[in-house]
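Biologist: Please put the model on the screen. I will ask about the fold, the core and a few single residues.

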Amino acid sequence: MSGLGEHEREAIRGVLDRLDRDVPILLELGPEETPVTVIAGGREIDFGAEAQRLLEQIVSLSARVDLTVTETDERGRWPRTTVAGRLVYHGLPWGYELATLVGAIAEAGRAESSLSRASLDALAGLEHDAALEVYVTPT
């Protein structure tokens, strides 16, 4: 797979230039729990290597974004990307998922949340921690 195009790099750089604080990204790699073979451009895609290459390109666009890569021998849902210790993304952020990942980095880099006061108050009133899972599939 080829890297980010110039148009994509400029758009991402524009978003990252507005970060108010540093954003750490953790990429965890390992053997997939349920291996899937994807062939694109006449070659088999290594999701971990592609995710690392993509994240390295994104990180190169801003001094405020830092990437740490770890590897494990444990089978799991890899690659796993964690933004600012909170948002976890499983898989390879291709296509629309790339915009979602960049948006997550932008939100994590804001000095103040973009949520409304009513939303923040409602979240503060929760009695237990909550985790949301969103699934996307290629179409």
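Questions and answers on this structure follow.

Biologist: What kind of model is this, and how are residues numbered?

Modeller: This is a predicted model, in which local features need pLDDT of at least 70 and side-chain atom pairs count only at pLDDT 80 or more, while totals for chains, interfaces and linings use all residues. Side-chain values use heavy atoms, with hydrogens and water left out, and residues are numbered from 1 along each chain as its sequence is written.

Biologist: In what order do the helices and strands run from the N terminus?

Modeller: Helices (H or I, at least four residues) and strands (E, at least two) are taken as DSSP runs and numbered from the N terminus. The protein has 4 helices and 6 strands. Their order from the N terminus is α-β-β-β-α-β-β-β-α-α.

Biologist: What share of the contacts in the protein with a separation of 6 or more joins residues 24 or more positions apart?

Modeller: A contact means heavy atoms within 4.5 Å. The C-alpha trace spans about 50 × 35 × 30 Å along its principal axes. Among contacts with a separation of 6 or more, the share from residues 24 or more positions apart is 76%.

Biologist: What percentage of the residues count as buried?

Modeller: Buried means under 20% relative accessible area, exposed means over 50%, and partly exposed is in between (1.4 Å probe, protein chains only). The protein has 139 residues, and the buried share is 30%.

Biologist: How far apart do the centres of the positive and negative side chains lie?

Modeller: Lys and Arg count as positive and Asp and Glu as negative, without His and the chain ends; each charge is placed at NZ of Lys, CZ of Arg, CG of Asp or CD of Glu. There are 13 positive and 24 negative side chains. The centres of the two sets are separated by 4 Å.

Biologist: Which strand pairs with both β1 and β6?

Modeller: Two strands pair if DSSP finds at least two bridges between them. Strand β1 (residues 23-29) is antiparallel to β5 (residues 80-83) over 4 bridges, with T82 as the bridge partner of L26. Strand β6 (residues 87-90) is also joined antiparallel over 4 bridges to β5.

Biologist: Which residue in the turn of the β5-β6 hairpin has a positive phi?

Modeller: The hairpin has 3 residues between its strands, and V83 stands opposite L87 in β6. The residue in question is not a glycine, yet its phi is about 55°. At 30% relative accessibility, it counts as partly exposed. It is A84.

Biologist: Which residue is joined to W78 by a cis peptide bond?

Modeller: The omega of this bond is about -10°. The partner of W78 lies in the loop between β4 and β5. It is P79.

Biologist: Which helix gives the largest share of the largest nonpolar core?

Modeller: A nonpolar core is a set of buried Ala, Val, Leu, Ile, Met, Phe, Trp, Tyr and Cys residues joined through side-chain atoms within 4.5 Å. The largest one has 25 residues, and those with the most contacts inside it include I12, L55 and I105. At least two residues each come from α1 (6-16), β1, α2 (47-59), β4 (65-71) and α3 (96-108). The largest share, 6 residues, is that of α2.

Biologist: Which residues does L98 touch, beyond those up to four places away in sequence?

Modeller: L98 is among the residues with the most contacts inside the largest core. Its partners beyond that sequence limit are L4, I12, L54, I58 and P93.

Biologist: Is E50 buried or exposed?

Modeller: E50 is found in helix α2. Its relative accessibility is 7%, so E50 counts as buried.

Biologist: And S60, buried or exposed?

Modeller: S60 lies in the loop between α2 and β4. Its relative accessible area is 58%, so S60 is exposed.

Biologist: Which residues are in contact with R110, leaving aside neighbours within four places in sequence?

Modeller: R110 is in the loop between α3 and α4 (117-124) and is partly exposed, at a relative accessible area of 34%. One partner is 90 residues apart from R110 in sequence, but 5.2 Å apart in space, C-alpha to C-alpha. The residues in contact with R110 are D20 and R21.
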